[in-house]
Amino acid sequence: QVQLVESGGGLVQAGGSLRLSCAASGLTFSVYAMGWFRQTPGKEREFVAAISRSGSTTYYADSVKGRFTISRDNAKTSVFLQMNGLNPEDTALYYCAATPSSSGNYAYTRPTDYRAWGQGTQVTVSS
């Protein structure tokens, strides 16, 4: 059974940085595309970043482009989200997601594309 466990969230001041990690198990990680999404109460889950199974392709939401970086380590079956220049609008519960991909170079941006989800890690940015 696929299991995704996020970590690295917390409370940070505006302008600060955090690095989220997602440890995956129960899957052949190298054939899965990965993504990060976030959600605040009363709002729909929002795409943040995605990476292809090979790591060659990455996509970012416009709101985080230039500040966030997604990466993966297939040997450690983990995906990461480096978040710099955080602002209060980045406050949310951040989810890691995984989906099997037939293409090594394709990344997915829609929540419905993903088959497995973690429980989330809270990121709170104070002003």
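**Figure 1. Surroundings of M34 in the predicted model.** Not counting residues up to four places away in sequence, M34 touches L4, C22, F29, A50, I51, I70, R72, V79, C96, A97, A98 and Y114. The structure shown is a predicted model. M34 belongs to strand β4, which covers residues 32-39. The relative accessible area of M34 is 0%, and because buried means under 20%, M34 counts as buried.

**Figure 2. M34 and C96, two residues in contact.** C96 is one of the residues that M34 touches. Along the chain, M34 and C96 are 62 residues apart, yet 7.3 Å separates their C-alpha atoms. For the protein chain as a whole, 61% of the contacts with a separation of 6 or more are between residues 24 or more positions apart.

**Figure 3. The two faces of strand β11.** Strand β11 comprises residues 121-126, and its side chains alternate between two faces. On one face lie T121, V123 and V125, which are buried. Q122, T124 and S126 point to the other face and are not buried.

**Figure 4. Pairing of strand β11 with strand β2.** Strand β2, formed by residues 10-13, pairs with β11 in the parallel sense. Four bridges make up this pairing. Within the view, Q13 stands opposite S126 of β11; the side chain of S126 points to the face of β11 whose listed residues are not buried.

**Figure 5. Pairing of strand β11 with strand β9.** Strand β9 spans residues 92-100 and runs antiparallel to β11, to which three bridges join it. A92 is placed opposite V123 of β11. The side chain of V123 is buried and points to the same face of β11 as those of T121 and V125.

**Figure 6. The whole chain as context for the close-up views.** The protein chain has 11 strands and zero helices, so that every element in the order from the N terminus is a β strand. A compact globule of 127 residues would have a radius of gyration near 14 Å; the value for the protein chain is 13 Å, which agrees. Taken along the principal axes, the box filled by the C-alpha atoms is roughly 40 × 25 × 25 Å. Of the 127 residues, 44% count as buried. The chain exposes about 6,300 Å², of which carbon and sulfur atoms supply 46%. The chain carries 11 positive and 8 negative charges, and the mean positions of the two sets are 6 Å apart.

Key
Residues numbered from 1 in each chain as written. Predicted model: local features only at pLDDT ≥ 70, side-chain atom pairs only at ≥ 80, totals over all residues. Heavy atoms only, no water. Rg over C-alpha atoms; globule rule 2.2 N^0.38 Å. Buried < 20%, exposed > 50% of the residue type's maximum accessible area, 1.4 Å probe, protein only. Contact = heavy atoms within 4.5 Å. Areas by Shrake-Rupley, 256 points an atom, 1.4 Å probe, with all protein chains shown as cover. Lys, Arg positive; Asp, Glu negative; His and termini not counted. Charge placed at Lys NZ, Arg CZ, Asp CG, Glu CD. Pairing = 2+ DSSP bridges.
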